[in-house]
Amino acid sequence: MGTLNTLRKAYGVLKDKTKIGLAKFNSNFKELDIAIVKATNHIESPPKERHVRKIFAATSVSRSQTDIAYCVQALAKRLSKTRSWIVATKILIVIHRTLREGDPTFRDELLNYAHRGNFLQISNFKDDSSHFAWVKTYAVFLEERLDCFRVLQYDIEAERLTKLASGGSSKGQSRRMSSEELIEQLPALQQLLSRLIGCQPEGEASDIYLIQYALALVLKESFKIHCAINDGIMNLIDVFFKMSQDNAVKALEIYKTAGQQVEELAEFYEYCKGLELAKNFQFPTLRQPPPSFLATMEEYVKETPQSGSVQNKLEYEGREQVSEVASDETKTQGEIRINNLLINEQEKNKLEEPRQLIPMGDLLGPYETNPTTLEIEKNNGMALAIVPSGEWTQ
């Protein structure tokens with residue numbers, strides 16, 4: 001088996017050299033083709049930064065749509081034809097990093113290409129071993145990332161970088177949404193987080209450095225997604241007790257899913273804490289929402305009319321509140337509000353806790369609320385280049 005693997009690697013290196021040679025003489029996009037082959041070669045190490053930067057440049061807003069479309073097609077074609085999990089992983093890393101760090105023009109062209117139904121195809125994989133399975137899982141996550149953008153119409157990571165550059169507010173988009181937008185968009189974010197958590201490698205894949213490198217990129221995404229969901233949940237709570245029953249049922253399901261994902265994300269973080277690449281990361285402190293509030297939400301759903309008589313329901317509850325005050329003067333106003341299915345300040349403060357407890361930074365790029373974030377983003381352009389220092393000298 002060892003001899004066979006050695007022969008495969010040697011054959012892969014030979015194929016890369018052949019493609020580079022052909023590109024030098026036959027390609028109208030010679031420099032880009034060579035950069036793609038070199039960035040996604042058969043060597044089991046992360047893509048070299050100088051090649052990735054050439055791909056960034058080739059897909060920048062200053063380039064024509066034809067150039068950008070060619071780059072997307074070239075990456076997709078190489079991915080669809082390779083039988084090597086190493087090459088496939090490196091292609092996905094290049095796509096992931098360009099989505100995160102490159103111009104939106106690349107994402108837009110990738111969305112156009114994906115509409116044709118042949119995006120991120122890895123049909124040539126015949127091996128069911130753990131590392132091949134992980135590559136497919138990573139591809140599914142990236143596809144979900146694009147699907148999430150279609151629903152949200154904004155990129156969570158790009159939003160962070162834009163606000164850092166402009167010195168804008170640290171509040172996320174999901175903190176400013178209407179109830180209708182929250183009900184539509186939070187499930188998309190939760191589905192993305194579910195795909196992300198599913199990227200935890202198993203078996204032999206857990207020990208492969210190249211996979212750990214890609215996983216670190218995925219891990220970095222989780223912090224921002226978690227914050228966006230958390231902000232959205234806080235916004236949802238603010239308007240929950242004014243919702244019709246139909247919307248309240250949907251909101252309750254979103255809230256329950258968020259509670260389940262806290263447990264799943266905590267397990268994912270526990271796994272990632274054991275990785276060498278994540279040893280200097282700071283992880284959020286995850287807290288479950290208070291069970292008493294979940295019970296209050298469920299009671300509200302049971303008691304709320306199905307259609308447009310919410311105002312009558314609230315008026316009825318107001319009369320009931322007056323009655324309770326008259327019958328039992330020992331109850332405080334805060335307790336009465338809970339009995340009438342309104343969130344009191346004590347419960348709201350408990351729900352606010354997770355946002356305040358989230359730490360501010362990590363090795364790959366800190367949270368936007370860190371006062372030194374802007375400086376770090378400007379001065380540490382290599383923050384995602386989490387490979388041994390010797391990699392860049394080759």
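1. Starting with helix α3, residues 49-58: in this predicted model, its buried residues are Glu-49, His-51, Val-52, Ile-55, Phe-56 and Ala-58. What sits over them? The cover includes α2 (30-39), α4 (65-81) and α5 (85-101). As a reminder on helix geometry, an α-helix has 3.6 residues a turn, so residues three or four places apart point the same way.

2. Two of those covering helices, α4 and α5, also pack on each other. Their axes lie 9 Å apart, at an angle of about 155 degrees. Anything over 145 degrees counts as roughly antiparallel, and α4 and α5 therefore run roughly antiparallel to each other. The handedness of their crossing is left-handed.

3. Which residues make the α4 and α5 contact? From α4 come Leu-75, Arg-78 and Leu-79, and they meet Val-87, Ala-88, Ile-91, Leu-92, Val-94 and Ile-95 of α5. By class, that gives eight nonpolar residues, no polar ones and one charged.

4. Next, the pair α9 (residues 179-197) and α10 (residues 209-240). Their axes come within 10 Å and cross at roughly 150 degrees, which makes α9 roughly antiparallel to α10. Left-handed or right-handed? α9 passes α10 in a left-handed crossing.

5. The residue list for that contact is worth having open next to the model. On the α9 side there are Ser-179, Leu-182, Leu-186, Leu-189, Gln-190, Leu-192, Leu-193 and Leu-196; on the α10 side, Val-218, Glu-221, Ser-222, Ile-225, Ala-228, Ile-229, Gly-232, Ile-233, Asn-235, Leu-236 and Val-239. Sorted by type, the contact of α9 with α10 has 13 nonpolar, five polar and one charged.

6. On cysteines: how many disulfides does the structure hold? Zero. Cys-71 counts as buried because its relative accessibility is 0%. Cys-227, at 16%, counts as buried too, since the cut-off is under 20%. Cys-71 falls within the span of α4 (65-81), and Cys-227 within that of α10 (residues 209-240).

7. Finally, the overall picture. The protein has 16 helices and zero strands. Of its 394 residues, 52% count as buried. Where do the contacts with a separation of 6 or more come from? Residues 24 or more positions apart account for 76% of them.

How values were computed:
Residues numbered from 1 in each chain as written. Predicted model: local features only at pLDDT ≥ 70, side-chain atom pairs only at ≥ 80, totals over all residues. Heavy atoms only, no water. Axes fitted to C-alpha atoms, helices over the stretch in contact; angles between N-to-C directions. Helix = DSSP H or I, 4+ residues; strand = E, 2+ residues; numbered from the N terminus. Parallel < 35°, antiparallel > 145°, perpendicular 65-115°, else oblique. Left-handed = near helix turned anticlockwise from the far one by under 90°. Contact = heavy atoms within 4.5 Å. Nonpolar A, V, L, I, M, F, W, Y, C, P; charged D, E, K, R; others polar. Disulfide = S-S within 2.5 Å. Buried < 20%, exposed > 50% of the residue type's maximum accessible area, 1.4 Å probe, protein only.
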